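Me: Hey, could you walk me through this one? I'm new to it.

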Amino acid sequence: MRYLLFVPLVLFVALAQVATASYFPLLGVTANPLLVVLMCWAIVRGPRETMVLIPLAGTFKDLISSDPVGVSVLALLPIVPLAATRERWPTESDFLPTLAVVAMASLCYHLLYMMVLTAVGDGPPWLQGSIRVILPAALFNTLLTPIFYLPVRWATTLSEMVRPSMRVPI
Amino acid sequence: MRTLVWLLVVGLFALLAILLSQLGALDPLKNGALTVASPLERGLRTVASPAADFLDNAADRQDLEEENRLLRQQIEELTAEIASLKESEFTATDLAGLAEVEESRPGDQFLVARVIARDPSNLKERLAIDRGSDDGVAEGMVVMSQGQSLVGLISKVLDDFAWVTLITDTNSNVNAMVLESRAQGVVSGSLHGGLSMDLIPQDAKVEPGDTVTTSGLGGNLPQALLIGQVAAVRGEAQDVFRKAEVEPAASLSRLENVLVLTSFIATHLASP
């Protein structure tokens, strides 16, 4: 339960994303650090903890953005099955698979997001959205992954040195 | 199995929340969250803005950047002034319809609002301002930049905050006209923050550099409000309509403060 101490940190990432992401565009899109942090967390520490963090962080982000509450929670859901799938295919290093999984999570996020927006009558053009937003955003989020992956990895390694990991498979 | 149950439960919770949100039941909660978060967001934006400028420009070009910003603001103000003067010229040459509309807006009243957040989704062009229904802001009100060009419309109002849908949003359509030729069309937003003017009659004379303003058609926007300038004109001779790319007059990605036009009452015309 000690990971709950990091909840404010995750909420801060959501807050920083809403407040400042538009200042740092790349390829015409802004990054989704919340998605990247949660995905790295799920890969490094197992998906169980993110099952608590996703509803909290997603709801908070929607409350302070123009989205209907629940959209981000729904769009972040694929993180858990993606991380669970990744766990079944262990590799020597987590880093490269994390990049691939972040790209996948980013694609799923935007697809679900666009589906909800379309359902509530606020949808963008799908073809344009796919080419101009979904793919560049997946690339941007993947490029951003090392910035968040390494601190999560180091923090986990450090905590395991102090106390052996209690990672429980789901 | 456990993952599946979690997915179902959280998925249903999210769908229920979306439904409640659409019905406006969660608006007080959103207002409360923004009240708590807005000072922090403002602080983060204050820190991020120079950081973004630094990344955009090399450190030794900061003076140039400042000068550029001031010049852009001046250009925007002067273009708005030119648009206003040209409009006056048309009014003076006995365009009674225009004069009527001009005279129906004797004194515009503005409310200054600070931008506190911007939608981070990439799929919507919206920003949050620190004024809400308690300050007299209402849905459909016109939002302008400090240079008095069109920024967007209020699309969602909470007690102390409001969300502005920018003219560059994909769902934004504004009846517009090219000031020089009086050609009318519809300015629409697109992903990546661009603007395009569609439905321009084939025989209309439209050239790069022409000024695009609101036409006032439909009654939901005032007339002769600066939108931007024509950057390029597209379309073949056989096309029924032509299309123009429009460069917004306001720097929409870096807005810090905006003006809400509270005196203009939108009229929604019903079909006869």
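Reply: Sure, what follows is a quick chat about a few spots in this predicted model.

Me: What's the mean pLDDT of chain A?

Reply: The mean for chain A is 86, and 94% of its residues reach 70 or more.

Me: And where in chain A is confidence lowest, and where highest?

Reply: Lowest is helix H7 (residues 126-162) of chain A, with a mean of 86, and highest is helix H4 (residues 71-76) of chain A, at 94.

Me: Switching to chain B: how far apart are the end C-alpha atoms of helix H2 (residues 27-56)?

Reply: They're only 37 Å apart, though a straight helix with its 30 residues would reach 44 Å at 1.5 Å a residue.

Me: Where does H2(B) bend?

Reply: At B:Ala37, by about 45 degrees, and a proline, B:Pro39, follows within four residues. B:Ala37 is also one of the buried residues of H2(B), which include B:Leu34 and B:Leu44.

Me: What covers those buried residues?

Reply: The cover includes helix H1 (7-20) and helix H3 (47-63) from chain A, plus strand E1 (110-118) and strand E2 (126-129) from chain B.

Me: New topic: what's phi for B:Gln148?

Reply: Near 65 degrees, so to speak a positive value in a non-glycine residue. Most residues other than glycine have a negative phi.

Me: Is B:Gln148 buried or exposed?

Reply: B:Gln148 counts as buried because it has 22 C-beta neighbours inside 10 Å, and the cut-off is 20 or more. B:Gln148 is in the loop between strand E3 (142-144) and strand E4 (150-157) of chain B.

Key:
Residues are numbered from 1 along each chain as its sequence is written. Chains are lettered from A and ligands numbered from 1 in the order in which they are written. This is a predicted model: local features need pLDDT of at least 70, side-chain atom pairs count only at pLDDT 80 or more; totals for chains, interfaces and linings use all residues. pLDDT is the predictor's confidence in each residue, from 0 to 100. Helices (H or I, at least four residues) and strands (E, at least two) are DSSP runs, numbered from the N terminus. The expected span of a helix is 1.5 Å times one less than its number of residues. The bend at a residue is the angle between axes fitted to the seven residues ending there and the seven starting there. A residue is buried if 20 or more other C-beta atoms lie within 10 Å of its own, exposed if 12 or fewer, and partly exposed in between; C-beta atoms are placed from the backbone. Two residues are in contact if their C-beta atoms, placed from the backbone, lie within 7 Å.
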